Amino acid sequence: MSSEHWPGIDFFILMLTRCRVSTLSIIKLTVIGLSILSGLSACQTGSFSSSANPLSKAAEPLQQEDSDPVAVSETPLLTPTPQEMSESTPQPTEGKAEMITITIVFDNYPYKERMQTAWRFSAFVTYKDQNVLFDTGGSGLTLLENMSEMNINPAEVQNVVLSHKHNDHTAGLQALLSAGADPKIYLLPSFSSSFKKQFSQQAEVIEVVPGLLIAERISTLGEIQGSPPEQALVIDTPRGLVVITGCAHPGVVKIVLAAKRQFKEEIYLEMGGFHLGSSSSYQVKQIIKEIQRIGVVHVAPCHCTGDQAISQFREAFGENFISVGAGAVIEIES
Ligand SMILES: [Zn+2]
Ligand SMILES: [Zn+2]
């Protein structure tokens with residue numbers, strides 16, 4: 001759609017894995033070690049109206065290899081070749097460009113071998129020497145195991161941003177603190193007083209306001225009203241904004257519009273849960289039209305988006321659709 005306005009965008013997002021030796025298996029999207037879907041959350045309730053098993057469907061987007069040139073390639077490495085770089089990517093004038101890295105630590109969709117999957121979401125964002133863990137999944141043990149698999153030291157987590165109150169986004173926090181992390185915890189003013197009290201005894205707890213800067217280039221949208229209220233993470237990149245939504249309960253269109261207005265920039269990538277599992281294909285179609293009208297360049301839906309909705313986004317966005325899941329790493333040049 002808008003790729004003509006974003007020349008060479010295909011190579012600004014590089015789908016990687018930190019375990020290069022298993023690149024081939026990632027390309028083939030072999031999935032092992034699926035964990036049992038457990039810990040039903042308020043997110044799940046009402047988000048999947050069908051009785052289909054989300055686990056069996058979870059691999060579906062990853063099997064449609066032909067339609068996703070970013071995540072799936074016949075090339076052994078998913079990084080661009082030097083020739084591609086010179087053709088498509090502006091070269092840094094000096095030194096190595098700093099990369100903004102987004103690692104999906106937890107999701108119900110599989111991506112990398114040995115990563116556990118379940119109905120949960122967590123993403124780890126780094127830029128320079130700063131980092132933000134956005135959501136903590138729904139199980140401390142598996143969060144820490146997945147972090148270990150991605151070589152993320154829990155004790156080095158500097159900031160935790162909780163998108164909303166549901167367990168599949170917050171329940172890993174205690175285990176993270178117990179593992180030695182001493183992060184600033186950014187939560188919504190509407191969180192329960194008992195939750196705030198529990199964690200303010202262990203760490204610095206900050207109630208967010210719109211546009212609050214959490215780390216260099218990384219901000220929160222602030223509390224967006226919905227059922228329940230939610231905040232999204234907004235990363236300012238030279239290509240535009242990257243918006244990460246946990247569940248997008250207030251509505252994914254409402255959230256990306258708010259980000260565009262608040263930060264006065266275009267949306268380069270919207271990723272995370274879009275919460276469309278119970279929406280009809282017609283409703284999803286209308287939402288996709290809105291997302292495209294707003295000018296969102298790339299989408300990477302996962303978590304509670306819903307299998308049918310993910311398929312529709314894949315078809316609508318074509319090469320600008322990015323398949324993600326637990327263990328996917330997105331790098332964006334800054
Ligand atoms: Zn939720
Ligand atoms: Zn959720």
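## Overall make-up

The protein has 11 helices and 14 strands in its secondary structure. Please keep in mind as you look around that this is a predicted model. Of the 334 residues in the protein, 47% are buried. Contacts also reach across the sequence: among those between residues at least 6 apart, 73% join residues at least 24 apart.

## Where confidence is low

Let us turn to the confidence of the prediction. The mean pLDDT of the protein is 79, and 71% of the residues score at least 70. Two stretches deserve some care. Residues 1-42 have a pLDDT that stays under 50, and the model gives them 97 contacts beyond four places in sequence. For residues 44-95 the pLDDT is likewise below 50, with 77 contacts in the model beyond near neighbours in sequence.

## Strand S3 and its two partners

Strand S3, made of residues 122-127, is a good place to begin a closer tour. Six of its six residues are buried, so the strand counts as mostly covered. In a regular strand, side chains alternate between the two faces of the sheet. In S3 both faces are covered. One side carries Ser-122, Phe-124 and Thr-126, the other Ala-123, Val-125 and Tyr-127, and all of these are buried.

S3 has a pairing with strand S2 (residues 99-106), to which it is joined by six bridges in an antiparallel arrangement. Within that pairing, Thr-101 has Thr-126 of S3 as its bridge partner. S3 also pairs with strand S4 (residues 130-134), again in the antiparallel sense, over five bridges. Here Ala-123 is matched with Phe-134 of S4. Thr-126 and Ala-123 are thus worth finding in the structure: Thr-126 is a bridge partner on the S2 side, while Ala-123 has its bridge partner in S4.

The connection between S3 and S4 is a hairpin with two residues between the strands, and Lys-128 in this hairpin takes a positive phi near 55 degrees.

## Helix H11

Further along the chain, helix H11 covers residues 307-317. Eight of its 11 residues are buried, so the helix is largely enclosed by the rest of the structure. The buried set begins with Asp-307, continues through Ala-309, Ile-310, Ser-311, Gln-312, Phe-313 and Arg-314, and ends with Phe-317.

Just after H11 comes Gly-318, which has a positive phi of about 55 degrees. If you enjoy looking at backbone angles, Gly-318 and Lys-128 of the S3 and S4 hairpin make a nice pair to inspect.

Note on methods
Residues are numbered from 1 along each chain as its sequence is written. Chains are lettered from A and ligands numbered from 1 in the order in which they are written. This is a predicted model: local features need pLDDT of at least 70, side-chain atom pairs count only at pLDDT 80 or more; totals for chains, interfaces and linings use all residues. A residue is buried if 20 or more other C-beta atoms lie within 10 Å of its own, exposed if 12 or fewer, and partly exposed in between; C-beta atoms are placed from the backbone. Helices (H or I, at least four residues) and strands (E, at least two) are DSSP runs, numbered from the N terminus. Two residues are in contact if their C-beta atoms, placed from the backbone, lie within 7 Å. Two strands pair if DSSP finds at least two bridges between them. pLDDT is the predictor's confidence in each residue, from 0 to 100.
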